[in-house]
Amino acid sequence: MTEKNEKNEICETCPLKGSCPDQGSEEAVTCMADGIDGIKHKIIVASGKGGVGKSTVSVNLARALQLEGYKVGILDADITGPNIPKLLGIEDQGLVQGADGIKPADAGGIKVASMALVLSRQDSPVVWRGPMKMAAIKQFIQDVTWGGLDYLIIDLPPGTSDEPLSVAQLIPDLSGAIIVTTPQEVALLDTRKAVNMVRAMKLPVIGIIENMAGLACPHCHQRIDIFQSGGGERMAEEMNVRFLGSIPIDPRICSLGDAGQTFVEGEAPAADSFRLIVERLENILR
């Protein structure tokens, strides 16, 4: 199959078919997006590897900022593994094409755009090559009617591949990147790569968040460092970037996420830690 025929075949099965003006053209991602000019802060949330809780951090960051009175949106840039709607409990919603553009979904006041909201079934795979993923990201950025937001949180897929480069290319005034890690060395190795990727894209590294940083024993209440301790803070110091804070392990984070709820609204230690992280972020971007 030739590359041209392959692109045409992919376009025919694309959930965005009919509203995408470029139908997979690589030229789709070479122009700057103008649909987000009214957004004050655009922040990418990245990680060097999967499984560190990056999407959980993204949705709770959005909710925490909203609770502070800000207007917030989330762009789920993980085209092949979109989890934001599940974590926010809006899987039954969809994106609607309106007269002025694509209307985002609503998660209790947070505007959301995600590939999961245009798939016919929750378990439908998105088997796309890079140019098609980039065209979808461009459309989420440029054609969604985000309106005037204080913060747009952009949840990236793990790693240092196409998506971060495209987002940086399409949004020239990004406020910077938050990097999520866990304390163990195997995660920190890839986190260092993510930090260097952001620097290579000439973007500010807002700071490091260390997730899964210790568990309080429910019986004796002593701390158990399941994934070691303090690795994120040491790495931040070594790489001369800010350390925004740590989030302890709490089984309720998992159960709340599965139920489409954010933990930051509760009174658990993880919620207290996260609110301190948000306070530091506000001070940095003020």
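**Exercise 1. Helix H9**

Task: For the 17 residues of helix H9 (residues 269–285), determine what span should be expected at 1.5 Å a residue, and how the distance between the end C-alpha atoms relates to it.

Solution. The model examined here is predicted.

Step 1. The expected span is 1.5 Å times one less than the number of residues, so helix H9, with 17 residues, should span 24 Å.

Step 2. The end C-alpha atoms of H9 are 25 Å apart, which agrees with that expectation.

Step 3. The buried residues of H9 are Ala270, Ala271, Phe274, Ile277, Val278, Leu281, Glu282 and Leu285. Seen down the helix axis, the buried residues of H9 fall within an arc of 140°, so they line one face.

Step 4. An α-helix has 3.6 residues a turn, so residues three or four places apart point the same way.

**Exercise 2. Strand E7 and the core**

Task: Determine how many residues of strand E7 (residues 151–155) are buried, and which strands pair with E7.

Solution.

Step 1. In strand E7, 5 of the 5 residues are buried, so the strand is largely enclosed by the rest of the structure.

Step 2. Tyr151, Ile153 and Asp155 point one way from E7, while Leu152 and Ile154 point the other way.

Step 3. Strand E1 (residues 41–46) pairs with E7 in the parallel sense over 5 bridges; within this pairing, isoleucine 44 stands opposite isoleucine 154. Strand E2 (residues 72–76) also pairs with E7 in the parallel sense over 5 bridges, and isoleucine 74 has isoleucine 153 as its bridge partner.

Step 4. Leaving aside neighbours within four places in sequence, the contacts of isoleucine 154 include Ile43, Ile44, Val45, Leu75 and Val167.

Step 5. The largest nonpolar core has 85 residues, and Ile153, Ile154 and Phe274 have the most contacts inside it. H9 gives the most to this core, with 7 residues. In soluble globular proteins, nonpolar side chains tend to be buried together.

**Exercise 3. Helix H6**

Task: Identify which residues of H6 are buried and which exposed residues the face turned away from them carries.

Solution.

Step 1. H6 has 16 residues and reaches 23 Å from its first C-alpha to its last, close to the 22 Å expected at 1.5 Å a residue.

Step 2. Ala187, Leu188, Asp190, Thr191, Ala194, Val195, Met197 and Val198 are the buried residues of H6. They cover an arc of only 165° around the axis, which puts them on the same side of H6.

Step 3. The face turned away from the buried side of H6 carries the exposed residues Val186 and Ala200.

Step 4. The cover over the buried residues of H6 includes helix H5 (162–170), E8, strand E9 (205–210) and helix H7 (231–238).

**Exercise 4. Three loop residues**

Task: Decide whether threonine 182, lysine 202 and asparagine 240 are buried or exposed.

Solution.

Step 1. Threonine 182 lies in the loop between strand E8 (176–181) and helix H6 (185–200). Buried means under 20% relative accessible area; threonine 182, at 3%, is therefore buried.

Step 2. The side chains of threonine 182 and glutamine 184 are joined by a polar contact of 2.7 Å. Not counting residues up to four places away in sequence, threonine 182 touches Val52, Ala187, Leu188, Glu210, Asn211 and Met212.

Step 3. Lysine 202 lies in the loop between H6 and E9. Exposed means over 50%, so lysine 202, with a relative accessible area of 73%, is exposed. Although not a glycine, lysine 202 has a positive phi of about 65°.

Step 4. Asparagine 240 lies in the loop between H7 and strand E12 (243–246) and, at 69% relative accessibility, counts as exposed. Asparagine 240 has a positive phi of about 60° although it is not a glycine.

Note on methods: Residues numbered from 1 in each chain as written. Predicted model: local features only at pLDDT ≥ 70, side-chain atom pairs only at ≥ 80, totals over all residues. Heavy atoms only, no water. Helix = DSSP H or I, 4+ residues; strand = E, 2+ residues; numbered from the N terminus. Buried < 20%, exposed > 50% of the residue type's maximum accessible area, 1.4 Å probe, protein only. Arc of directions from axis to C-beta. Pairing = 2+ DSSP bridges. Polar contact = N/O pair within 3.5 Å; in protein donor to acceptor, adjacent residues only side chain to side chain. Contact = heavy atoms within 4.5 Å. Core = buried A, V, L, I, M, F, W, Y, C linked by side-chain atoms within 4.5 Å.
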